[in-house]
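Let's take a friendly walk through this structure, from charged side chains to helix faces and aromatic rings. Please keep the model open beside the text.

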Amino acid sequence: MDAHYSVELSQAFVAGEEELKKLTDLLSNRIGSFEICAHCTDNVSRTFKTVKELAAYENARGKSICRISISSRSDDFKKRAEIDLSGSRWRGISLDIEARDDVVSRLRTEIKDLVDGMRPWYTVLHRVDFQSIAIFAYLLLGFVLLFVVGFNWISVNNSQQQNPSGSALAQLVAYSGIAALFIMGLVMNRVRDSLFPRAVFLIGQGKTRFQHLERIQWGVVVAFLVSFAAGVTLAIW
């Protein structure tokens with residue numbers, strides 16, 4: 001009995017030569033011959049036959065790897081599989097396997113075990129959308145204000161309510177607040193993605209770049225958060 005399994009895992013990951021070698025070994029043993037395609041920031045897709053060839057790629061900043069696809073197919077075309085490692089917020093890691101039911105079930109479990117081990121320590125940060133939080137907070141505040149005014153817990157001057165210029169100004173403030181929160185959420189998402197990237201490929205110069213980024217993560221960001229938390233705790237105490 002044949003089966004088909006396809007899933008997209010929206011998660012952050014760090015993939016180096018060792019992790020990629022394990023993935024290609026699985027596909028080689030369970031499916032057949034494979035091919036590696038690295039999609040780079042210079043809009044060029046580069047193909048490699050082995051992980052060793054990929055590991056020799058310089059991965060310079062101007063043409064750094066942003067996505068890796070590993071595809072495999074059996075000689076009789078009855079089995080195929082593809083693993084797509086992407087830095088996209090919506091895709092992350094995609095798996096697509098088509099083979100006998102037992103092969104699909106075993107390969108699915110083995111690949112997901114490897115993928116789980118590729119999660120960085122900061123993966124939880126990518127489950128947070130700061131834009132959504134900001135808009136939700138604004139809507140919640142608006143609801144609370146309506147509730148307070150509706151129950152007359154705060155008196156409102158009727159003359160101000162009937163003033164067109166005052167009403168227009170209030171609407172302008174409201175829309176400006178939404179726009180400001182939306183932009184703030186967007187900036188916070190961008191800063192998070194820059195300091196804690198969703199996809200990291202430890203290939204060539206990518207290793208050095210990530211080592212430098214780790215020093216910033218622990219030496220600046222984490223140290224600041226710890227100091228801030230300690231200061232708040234002492235202030236409360």
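## Salt bridges

Arginine 46 and aspartate 42 join their side chains in a salt bridge, with 2.9 Å from N to O. The term stands for a side-chain nitrogen of Lys or Arg within 4 Å of a carboxyl oxygen of Asp or Glu. Aspartate 42 is partly exposed at 26% relative accessibility; here buried means under 20% relative accessible area, exposed over 50%, and partly exposed in between, with a 1.4 Å probe and protein chains only. A word on the model: it is predicted, so that local features need pLDDT of at least 70 and side-chain atom pairs count only at pLDDT 80 or more, while totals for chains, interfaces and linings use all residues. Residues are numbered from 1 along each chain as its sequence is written, and side-chain values use heavy atoms, leaving out hydrogens and water.

How many salt bridges does the structure hold? There are 12. One of them pairs aspartate 193 with arginine 192 at 3.0 Å, N to O. Aspartate 193 is partly exposed, with a relative accessible area of 32%, whereas arginine 192 is buried at 7%. Elsewhere, Arg80, Asp96 and Glu98 are linked in a network of salt bridges.

## The chain as a whole

The protein chain has 7 helices and 8 strands. These elements are DSSP runs numbered from the N terminus: helices are H or I with at least four residues, and strands are E with at least two. Of the 237 residues in the chain, 32% are buried.

Contacts, meaning heavy atoms within 4.5 Å, often bridge long stretches of sequence: among those with a separation of 6 or more, 67% are between residues 24 or more positions apart. The accessible surface of the protein chain comes to about 14800 Å², and carbon and sulfur atoms supply 61% of that. Such areas come from the Shrake-Rupley method with a 1.4 Å probe, and for residues only the protein chains shown count as cover.

## Helix 1

Helix 1 covers residues 17-30. Its 14 residues should span 20 Å at 1.5 Å a residue, and the end C-alpha atoms are indeed 20 Å apart; the expected span is 1.5 Å times one less than the number of residues. The buried residues of this helix are Leu20, Leu23, Thr24, Leu26 and Leu27. They cover an arc of only 150° around the axis, so they sit on the same side of helix 1, the arc being that of the directions from the helix axis to the C-beta atoms. Their packing partners are strand 2 (13-16), strand 3 (33-40), helix 2 (51-55), strand 5 (65-73), strand 6 and helix 3.

Which exposed residues does the face turned away from the buried side carry? They are Glu18 and Asn29. Glutamate 18, with a relative accessible area of 52%, meets lysine 22 in a salt bridge of 3.5 Å, N to O. Lysine 22 is partly exposed at 40%. The two are 4 residues apart in helix 1, which means that about one helical turn separates them. An α-helix has 3.6 residues a turn, so residues three or four places apart point the same way.

## Helix 3

Helix 3 (residues 101-116) has 16 residues and reaches 22 Å from its first C-alpha to its last, close to the expected 22 Å. Val103, Val104, Leu107, Ile111 and Val115 are its buried residues. Seen down the axis, they fall within an arc of 90°, so they line one face of helix 3. That buried set packs against strand 1 (2-9), helix 1, strand 6 (80-86) and strand 7 (93-100).

## Aromatic pairs

The whole structure contains 5 aromatic pairs. Rings of Phe, Tyr and Trp (its six-membered ring) pair if their centres lie within 6.5 Å; planes under 30 degrees apart count as stacked, over 60 as edge-to-face and the rest as tilted. Tryptophan 121 and tyrosine 122 have ring centres 5.6 Å apart and planes at 85°, so this pair is edge-to-face. Tryptophan 121 is partly exposed at 43%, whereas tyrosine 122 is buried at 1%.

Tryptophan 121 also pairs with phenylalanine 196: the centres are 5.9 Å apart and the planes at 90°, so the pair is edge-to-face. This pair links distant parts of the chain, 75 residues apart: tryptophan 121 lies in the loop between helix 3 and helix 4 (130-150), and phenylalanine 196 in the loop between helix 6 (164-195) and strand 8 (199-202). Phenylalanine 196 is buried, with a relative accessible area of 7%. Trp121, Tyr122 and Phe196 form one aromatic cluster.
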